Amino acid sequence: MSDRTPYAKQVLAGQSIEMPSWAFGNSGTRFKVFAQQGVPRDPYEKLADAAQVQKYTGAAGSVALHIPWDRVEDYADLARHAADLNVRIGTINSNTFQDDDYMLGSVCHPDKKIRRKATDHLLECVDIMDATGSTDLKLWFADGTNYPGQDSIAGRQDRLADVLAEVYERLGDHQRILLEYKLFEPSFYTTDVPDWGTAYAHCLKLGPRAQVVIDTGHHAPGTNIEFIVAFLLREGRLGGFDFNSRFYADDDLMVGAADPFQLFRIMHELALREVIGPDSGIAYMLDQCHNIEPKIPGQIRSIMNVQEATAKALLVDHDALAAAQAAGDVLGANAVLMDAYNTDVRPLLAEVRTEQGLDPDPLAAYAASGYAEEIKAARVGGSQAGWGA
Ligand code: PSV
Ligand code: MN
């Protein structure tokens with residue numbers, strides 16, 4: 001047992017990753033959405049499915065909502081339903097990309113009326129946060145242009161800054177804006193928040209309760225994401241993560257599936273600063289769609305992938321690393337990292353689960369529970385949830 005094992009176990013026992021409500025609905029590509037049997041028909045059923053992931057992993061205590069996909073009559077009631085299921089409602093994600101009015105953008109749109117409509121939606125999301133007790137408003141803007149000359153690049157930044165300032169003003173003292181960036185898509189020429197630098201600059205202007213979200217799928221291939229993590233952490237502006245995997249663009253595949261080593265390198269930067277626990281102020285979240293795999297096991301697998309990368313990162317011997325770095329021992333420093341990465345942490349995680357009274361194998365335990373069969377039989381009729389691609 002390495003010296004860091006007890007510490008790693010303690011941090012892992014307290015780790016919690018937020019699930020996206022949309023992972024439980026039908027999803028697909030712009031070519032086809034494949035319907036799966038037993039998919040939830042409303043946000044209440046989505047929470048019930050999410051609660052299964054929490055039940056078997058013990059590391060998925062909250063669920064992010066997406067408005068209007070998760071619109072309900074009574075959000076306080078939805079929050080009570082979540083609590084009854086042993087989960088909590090986490091970030092509120094806005095949606096200013098699925099309305100015909102937003103063809104030329106939302107908060108950056110050249111027409112003031114459309115910007116007003118988008119801003120009102122963001123303010124409505126803050127009202128929902130008040131009702132659910134959520135602290136984080138997650139903003140991702142699909143805004144941008146497709147053709148050179150289509151709109152003023154600088155003018156769009158001005159409009160964005162104005163809307164963000166109005167929304168920031170509306171936040172309660174305990175609430176934050178988490179601003180997400182994305183390289184491209186759906187716009188292909190310019191994107192109004194294309195990178196962490198743009199997001200960071202807007203957050204700096206807004207104030208301390210505006211922070212940057214890193215969606216791991218939103219970068220150019222080869223981008224060193226752990227550098228961005230280290231930089232934002234140092235500046236106190238890392239608000240959270242949308243974890244997922246990419247091979248090509250914003251693939252939204254299961255985190256740790258494409259590049260587990262990258263996930264480890266990211267978690268290492270966080271472990272160095274000891275900001276993995278629930279009080280870190282960092283909203284750790286999955287942002288994924290399970291298009292061809294079953295959704296609940298897909299989420300369980302994803303939580304386990306994050307846990308495995310975290311466990312390896314927690315095992316890095318920081319003293320040995322610092323000593324090798326100070327001595328200019330390039331190979332030695334690299335070896336410290338690789339030793340941790342090459343450790344099989346599955347037995348350690350099995351122990352953590354057993355000590356929490358959980359089955360050491362969450363996927364097998366879920367499969368044996370019969371829940372998948374139950375929902376297939378029960379959820380007949382009505383219309384299945386989905387993001388409508
Ligand atoms: C955009 O691609 C994004 O990553 C944003 O986080 C959205 O909220 C999410 O996907 C779901 O559309
Ligand atoms: Mn995202």
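A cavity, in the sense used here, is a set of grid points where a 1.4 Å probe fits but cannot get out. By that rule, this predicted model holds two cavities of 30 Å³ or more. Let's start with these enclosed spaces and then work through the pockets, an annotated span and a pair of helices.

The largest cavity has a volume of about 50 Å³. Its walls come from Lys182, Leu183, Phe184, Glu185, Gly217, His218, His219, Arg246, Ala249 and Asp250. Sorted by class, that lining holds four charged, three polar and three nonpolar residues. The second largest cavity fills about 30 Å³, and you will find it among Trp22, Gly25, Lys46, Trp69, Ala385, Gly386 and Trp387. Here the lining counts four nonpolar residues, two polar and one charged.

Now turn to the open spaces. The largest pocket offers about 1,400 Å³ and is lined by 48 residues. If you want to find its centre, look for Trp140, Lys182, Glu185, Asp250 and Trp387, which lie nearest to it. Some of these names will be familiar: Lys182, Glu185 and Asp250 also line the largest cavity, while Trp387 also lines the second largest cavity. The pocket lining is made up of 18 nonpolar, 17 polar and 13 charged residues.

The second largest pocket encloses about 370 Å³. Of its 21 lining residues, Glu18, Arg88, Pro278, Ile282 and Ala283 come closest to the centre. Two elements give two or more residues to this lining, namely β3 (88–93) and β10 (283–286). Strand β3 gives the most, with four residues. By class, the lining has 11 polar residues, six nonpolar and four charged.

What does the record add? In an unreviewed entry, UniProt places the feature "domain: Xylose isomerase-like TIM barrel" at residues 73–273. In the model, that span is 41% helix and 15% strand, and its end C-alpha atoms lie 41 Å apart.

Finally, follow the chain to helix α9 (residues 295–315) and helix α12 (residues 346–355), whose axes are 10 Å apart. The two helices pack at an angle of about 110 degrees. Because angles of 65 to 115 degrees count as roughly perpendicular, that is how α9 and α12 are described relative to each other. From α9, the residues that make the contact are Met304, Gln307, Glu308, Ala311 and Leu315, and they meet Arg346, Leu348, Leu349 and Arg353 of α12. This contact has five nonpolar residues, three charged and one polar.

Terms used. Residues numbered from 1 in each chain as written. Chains lettered and ligands numbered in written order. Predicted model: local features only at pLDDT ≥ 70, side-chain atom pairs only at ≥ 80, totals over all residues. Heavy atoms only, no water. Axes fitted to C-alpha atoms, helices over the stretch in contact; angles between N-to-C directions. Parallel < 35°, antiparallel > 145°, perpendicular 65-115°, else oblique. Contact = heavy atoms within 4.5 Å. Nonpolar A, V, L, I, M, F, W, Y, C, P; charged D, E, K, R; others polar. UniProt positions renumbered as here; feature names shortened; annotations may be inferred. 1 Å grid on protein atoms, 1.4 Å probe; cavity = no way out; pocket = protein on both sides within 12 Å on 5 of 7 lines; lining within 4 Å. Points joined across faces, edges and corners; volume = space filled by probe spheres on them.
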